[in-house]
Structure formats: structure tokens, C-alpha cells
Amino acid sequence: MVEENKNIGDNYDDEHMHNGSDSDGIKELNNPAPNWILLVFMLTYGFSLFYAIHYFGYPDNGNDQTSEYKAKIVAAEMDRRQKIQNAGGVVVLTKDEILAAGAKLFVQKGCIACHGTKGEGNNIGPNLTDNFWINGCTPENLIAIVTEGKPEKGMNPFKTMMTPEQIKNITLYVKDGLVGSNPPNGKAPQGVECKP
Ligand code: HEC
């Protein structure tokens, strides 16, 4: 046997072939994996760390399954609405969406400057959170005052600054979001109480 093994190569001897461990005469060969395999192993190891942190480590980075699912639901809904609009249909917003859109417009269009950030009223404009109205409280009254304004009293017309749709949304926000919200420092009521 020994003689045959000697033919393997000049490097053959116990020191090179064995890594020193010996259990009951069974010797482990000194035969490490090639460097390229070690390199591939290191790369997959590094990749798995990156992958785990990226997809599971930060639940708020939007890459976890739940966020991805929610984003897809929103995208599908947008897509559905776009298709309805493309087909000439009208997308009906939910009440919450109308209120949210109105609340945004209330800030964006500068209503807060004269009616306060919570619609509580200030030195310039009346309180929009009580149910007292100078100019009437029907939806038509509200749309009219926002559309045409009342420049002589200091209320701007918004017909050139908002679409009719936006004006409608903002008046719905005034009626359903602001009225009854009872913010601190509300201005004293002006006008006539709205009776249902
Ligand atoms: C430059 C100041 C100013 C801005 C900006 C302004 N308003 Fe007014 N608004 C007033 C004043 C002043 C009145 C009271 C008019 C009156 O005496 O009849 C008023 C009245 C109103 C009324 C009727 C209140 C009532 O008691 O009849 C509504 C509703 C209203 N504003 C909504 C809005 C909305 C919505 C916006 C933003 C799109 C807005 N206003 C922006 C000054 C302003």
C-alpha cells in the first residue's frame, strides 16, 4: 500500500496528507476547500445578512411583506380609479377621503390665515366650528361664499384658485370636519344658528 501511495506525488508524506487529527487510527486528510469555494461561501453569507436586514430588519423601510402588500393594494386602487376615469366615469371618494382632501386644502389654500388652523376664527374671519353662520348654512350657501367670497368683508373669492370639485370638498370639510369640533380659543359665534 505504502508503495502505491508514494506514486501520488513528491509531496506525499504524513505531515502533508494529514491535518493531525487521529481518532482510533482514522486520520483526517489535510484537504481544505479551494479558495474560490470559500469566497463564494463568504459572498452568500454576506448577501444573506444584507437580505435579512433589508427585508426584515427595518419594518418601516417599506420592504417588508406587510408594507409591500399595503402598497400594492393602494396601487391597485389607484389603477382601478384611473381606469374608471379613462372610461369617462366618475370616481366616488369615500367620506374620509373627502374630509382628508378638504383638510389639506384648508391649509394649502390659506383658509387658516383668516379662520385659524383649526377653523376657530381669529381677528379677521369668523369661527367655522360653531354652527352660527352669517351667510347661511346650506351646502349651496357655503359653496357660494367660498366661490364668490365677500371681498367687502374680507373673504376672498376662491373660484379661480380651486376647481368646483375642490370647493365642494372643502365646504364638506367645514360642515362635517370643523363644525362641532370645539377647538380651544374659539371666536364668539356670529350670525344665525343653523337649525336642521
Ligand atoms: C383673507 C381672509 C380670508 C381667507 C383667506 C378666507 N376667508 Fe373665509 N371668511 C373671511 C371673512 C372675513 C369672512 C366673514 C364674511 C362676512 O362677514 O360675511 C369669511 C367667511 C367665510 C365663510 C362663511 C362663514 C359664515 O359665518 O357665513 C366660510 C364658510 C368661509 N369663510 C370659508 C373659507 C374657506 C374654506 C377658506 C379657504 C378656501 C376661506 N374662508 C378663506 C375671511 C377669509
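In what follows, Ala, Val, Leu, Ile, Met, Phe, Trp, Tyr, Cys and Pro count as nonpolar, Asp, Glu, Lys and Arg as charged, and the others, Gly among them, as polar. With these classes in hand, the surroundings of the ligand in this predicted model can be described: the shell around the ligand holds 15 nonpolar, seven polar and three charged residues. In total, 25 residues surround the ligand, and the closest are C111, C114, G125, N135 and M155. Two or more residues of this shell come from each of α6 (111-115), α7 and α8. Of the elements, α6 gives the largest share, with four residues.

It helps to step back to the whole chain here. Eight helices and four strands make up its secondary structure, and from the N terminus on they follow the order α-α-β-β-α-α-α-α-β-α-α-β. Of the 196 residues in the chain, 14% are buried. Among contacts with a separation of 6 or more, 59% join residues 24 or more positions apart.

The largest nonpolar core of the model comprises twelve residues, namely F106, C111, L128, L142, I145, V146, M155, I167, I170, Y173, V174 and L178. Both α7 (139-148) and α8 (164-178) supply at least two residues of this core, and the largest share, five residues, belongs to α8. Two members of the core, C111 and M155, are also among the residues closest to the ligand. M155 appears once more in the contacts of I145: setting aside neighbours within four places in sequence, I145 is in contact with N135, K150 and M155. Of these partners, N135 is likewise listed among the residues closest to the ligand.

Helix α8 deserves a closer look. It has 15 residues and reaches 20 Å from its first C-alpha to its last, close to the 21 Å expected at 1.5 Å a residue. The buried residues of α8 are I167, N169, I170, T171, Y173, V174, G177 and L178. A helix has 3.6 residues a turn, so residues three or four places apart point the same way. In α8, the buried I167, I170, V174 and L178 are also members of the nonpolar core, as is Y173. Cover for the buried residues of α8 comes from elements including α5 (95-108) and α7. Just after α8, G180 adopts a positive phi of about 90°.

Terms used. Residues numbered from 1 in each chain as written. Predicted model: local features only at pLDDT ≥ 70, side-chain atom pairs only at ≥ 80, totals over all residues. Core = buried A, V, L, I, M, F, W, Y, C linked by C-beta atoms within 7 Å. Buried ≥ 20, exposed ≤ 12 C-beta atoms within 10 Å, placed from the backbone. Contact = placed C-beta atoms within 7 Å. Expected span 1.5 Å × (residues − 1). Near = placed C-beta within 6 Å.
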